[in-house]
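Me: Please take a close look at one part of this model, the largest pocket. Start with what lines the pocket, then work outwards through the strands to the core and the loops.

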Amino acid sequence: LGLIPGRVKAVPAVGADGKSHRIPHIGWSALTLPAARADWSDSLLADVAIASPAYFVHSFAPVPTHESDRLADAFYDGARICAAAQRGHLMGCQFHPERSALAGLAMLTRFLKM
């Protein structure tokens with residue numbers, strides 16, 4: 001939609017070690033704080049602990065143009081994937097909050113309070 005500058009790209013077919021891995025990426029990965037962010041305050045992830053697991057089922061992921069638009073990252077066999085993006089009040093996630101246990105519940109609760 002062009003609301004957050006960037007591209008949508010296929011999840012890398014190989015991990016950081018150069019070995020191929022299963023696509024789509026299905027399973028649990030920890031949500032990490034990108035280097036360009038100090039914290040998750042004032043976002044959907046404000047009540048989610050860093051390194052909380054989230055459930056992914058995807059073959060493609062956003063790649064924001066600006067690092068500051070990355071809200072959370074995840075790593076799939078060492079390959080960095082944008083797990084959530086935010087630009088102002090526009091936020092979206094790549095993982096499935098409805099399947100992401102406590103992290104997903106915290107995110108959805110925060111959404112309802114916004």
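Reply: This is a predicted model, and what follows reads it as such. The pocket comes first.

Four strands each supply at least two residues of the lining of the largest pocket: β1 (6-10), β4 (60-64), β6 (79-87) and β7 (90-93). The largest share comes from β4, with five residues. The volume of the largest pocket is about 420 Å³. In total, 22 residues line the pocket, and Ile4, Val8, Pro62, Ala85 and Gly92 are the closest to its centre. By character, the lining holds 17 nonpolar residues, four polar ones and one charged residue.

Two of those central residues belong to a strand pair. Ala85 and Gly92 are bridge partners, with Gly92 in β7. The pairing of β6 with β7 is antiparallel and runs over four bridges. The hairpin of these strands has two residues between them, and Gly88 there has a positive phi near 65°.

Now follow β6 to its other partner. β5 (70-76) and β6 are antiparallel and are joined by six bridges. One of the bridge pairs is Ala72 with Ala84, the latter in β6. The hairpin of β5 and β6 also has two residues between the strands, and Asp77 takes a positive phi near 50°. β5 is largely enclosed by the rest of the structure, because six of its seven residues are buried.

β5 and β6 lead on to the core. Each gives two or more residues to the largest nonpolar core, as do β3 (53-58) and α1 (101-113). The core has 17 residues. Those that touch the most other members are Leu31, Trp40, Leu45, Val48, Phe56, Ala83 and Phe95. In soluble globular proteins, nonpolar side chains tend to be buried together.

Phe56 shows the packing from one residue's side. Beyond its neighbours within four places in sequence, Phe56 contacts Leu31, Ala83 and Phe95, among others. Its other contacts include His25, Ile26, Gly27 and Ser29. Ala74 and Gln94 are also among the contacts of Phe56.

What does Arg110 touch, leaving out residues up to four places away in sequence? The contacts are Asp42, Ser43, Leu44, Ala46 and Asp47. Arg110 sits in helix α1. Ser43 is 67 residues from Arg110 along the chain, yet their C-alpha atoms are separated by 8.4 Å. Arg110 counts as partly exposed because its relative accessibility is 23%, and the buried class is under 20%.

Back towards the start of the chain, look at Leu3. Leu3 lies in the segment before β1. Leu3 touches Arg87 and Leu90, not counting residues up to four places away in sequence. Leu3 counts as exposed, since its relative accessible area is 52% and the exposed class is over 50%. Leu33 is 30 residues from Leu3 in sequence, and the two are 22 Å apart in space, C-alpha to C-alpha.

The loop between β2 (25-30) and β3 holds Ala35. Ala35 is exposed, at 83% relative accessibility. From Ala35 to Leu71 the chain runs 36 residues, with 10.0 Å between the C-alpha atoms.

Some backbone details remain. Most residues other than glycine have a negative phi, and most peptide bonds are trans. Against that background, three places deserve a check.

- Ile23 and Pro24 are joined by a cis peptide bond, with omega about 10°. Pro24 is in the loop between β1 and β2.
- Ala51 has a positive phi near 80°. Ala51 lies in the loop between β2 and β3. Its relative accessible area is 49%, so Ala51 is partly exposed.
- Ala101 is not a glycine, yet its phi is positive, at about 50°. Ala101 is in helix α1. With a relative accessible area of 53%, Ala101 is exposed.

In short, β6 ties these parts together. β6 helps to line the largest pocket. β6 pairs with β7 and with β5. β6 also gives residues to the largest nonpolar core.

Methods:
Residues are numbered from 1 along each chain as its sequence is written. This is a predicted model: local features need pLDDT of at least 70, side-chain atom pairs count only at pLDDT 80 or more; totals for chains, interfaces and linings use all residues. Side-chain values use heavy atoms; hydrogens and water are left out. On a 1 Å grid over the protein atoms alone, a cavity is a set of points where a 1.4 Å probe fits but cannot get out, and a pocket is an open set with protein on both sides within 12 Å along at least five of seven lines; lining residues have an atom within 4 Å of a point. Grid points are joined across faces, edges and corners, and a volume is the space filled by probe spheres set on the points. Ala, Val, Leu, Ile, Met, Phe, Trp, Tyr, Cys and Pro count as nonpolar, Asp, Glu, Lys and Arg as charged, and the others, Gly among them, as polar. Two strands pair if DSSP finds at least two bridges between them. A nonpolar core is a set of buried Ala, Val, Leu, Ile, Met, Phe, Trp, Tyr and Cys residues joined through side-chain atoms within 4.5 Å. Buried means under 20% relative accessible area, exposed over 50%, partly exposed in between (1.4 Å probe, protein chains only). Contact means heavy atoms within 4.5 Å.
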